[in-house]
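Work through the exercises below with the model open. Try each task before reading its solution.

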Amino acid sequence: MMKVVISGYGRMGHMVEAALKEKGIECAGASEDIASFDKELAKECVCIDFTWPEAFRANYKVLAENFKAVVVGTTGWTDIEADVFKAFEEAGTPLIYASN
């Protein structure tokens, strides 16, 4: 069974959590501080990021290095796009993102 962690637990994070519950998908946690999330649990989880651009910029390497896969709904980071893609590629972590 897929486990999901939500990074950014504001309005969109709550909506994602409700959608997961409706589909029977386990929400293994929600965090405003994804860098502090349990690293062992993270290895088993897909992270859905709905943070602010500043938070994503600070955390994209943590996401790439610790989670099974990452879905990014946060926009506003096209200027660092090459660095983000490189970090995920080097970590071998699949990245799905919204167009910026």
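A residue counts as buried under 20% relative accessible area, as exposed over 50%, and as partly exposed in between. The model is a predicted one.

**Exercise 1. Classify Gly73 by accessibility, then place it and list its contacts.**

Step 1. Gly73 has a relative accessibility of 25%, so it counts as partly exposed.
Step 2. The residue lies in the loop between β4 and α4.
Step 3. Set aside neighbours within four places in sequence. Gly73 then contacts Asp49, Phe50 and Ala98.
Step 4. Add a distance. The C-alpha atoms of Gly73 and Cys45 are 17 Å apart, with their positions 28 residues apart along the chain.

**Exercise 2. Determine the strand order of the sheet and name its edge strands.**

Step 1. Five strands form an open sheet, ordered β2-β1-β3-β4-β5. The pairing is parallel.
Step 2. Look for strands with a single partner. These are β2 and β5 (95–97), which stand at the edges, so each has one side without a neighbour in the sheet.
Step 3. From one strand to the next, the twist averages 20°.
Step 4. Check one pair at each end. β1 and β2 (residues 26–31) pair in the parallel sense over five bridges. In that pair, Lys3 has Glu26 of β2 as its bridge partner.
Step 5. At the other end, β4 (residues 69–72) and β5 pair in the parallel sense over three bridges. Here Val70 stands opposite Leu95 in β5.

**Exercise 3. Is Val5 buried or exposed, and what surrounds it?**

Step 1. Val5 belongs to strand β1.
Step 2. Its relative accessible area is 0%, so Val5 is buried.
Step 3. Put this beside the strand as a whole. In β1 (residues 3–7), four of the five residues are buried, so the strand is largely enclosed by the rest of the structure.
Step 4. List the contacts, not counting residues up to four places away in sequence. Val5 touches Ala28, Gly29, Ile34, Phe37, Cys45, Val46, Cys47, Ile48 and Phe67.
Step 5. Take a C-alpha distance to Val84. Val5 and Val84 are separated by 19 Å, and they are 79 residues apart along the chain.

**Exercise 4. Classify Glu17 by accessibility and relate it to Val5.**

Step 1. Glu17 sits in helix α1 (residues 11–23).
Step 2. Its relative accessibility is 28%, so Glu17 counts as partly exposed.
Step 3. Glu17 touches Ile6, Tyr9 and Cys27, not counting residues up to four places away in sequence.
Step 4. From C-alpha to C-alpha, Glu17 and Val5 are 9.1 Å apart in space. In sequence they are 12 residues apart.

**Exercise 5. Describe how α3 packs against α4.**

Step 1. Choose the descriptors. Two packed helices are described by the angle between their axes and the distance between the axes.
Step 2. Helix α3 (residues 53–66) packs with helix α4 (residues 81–91) at about 15°, and the axes are 8 Å apart.
Step 3. Angles under 35 degrees count as roughly parallel. The two helices, α3 and α4, are therefore roughly parallel to each other.
Step 4. The crossing of α3 past α4 is right-handed.
Step 5. On the α3 side, Phe56, Tyr60, Lys61, Leu63, Ala64 and Glu65 make the contact. On the α4 side, Asp83, Val84, Ala87, Phe88 and Ala91 do so.
Step 6. Sort the contact of α3 with α4 by class. There are eight nonpolar, no polar and three charged residues.

Key: Residues are numbered from 1 along each chain as its sequence is written. This is a predicted model: local features need pLDDT of at least 70, side-chain atom pairs count only at pLDDT 80 or more; totals for chains, interfaces and linings use all residues. Side-chain values use heavy atoms; hydrogens and water are left out. Axes are lines fitted to C-alpha atoms, for helices over the stretch in contact, and angles run from 0 to 180 degrees between N-to-C directions. Angles under 35 degrees count as roughly parallel, over 145 as roughly antiparallel, 65 to 115 as roughly perpendicular and the rest as oblique. A crossing is left-handed if the near helix is turned anticlockwise from the far one by less than a right angle, and right-handed if clockwise. Contact means heavy atoms within 4.5 Å. Ala, Val, Leu, Ile, Met, Phe, Trp, Tyr, Cys and Pro count as nonpolar, Asp, Glu, Lys and Arg as charged, and the others, Gly among them, as polar. Buried means under 20% relative accessible area, exposed over 50%, partly exposed in between (1.4 Å probe, protein chains only). Two strands pair if DSSP finds at least two bridges between them.
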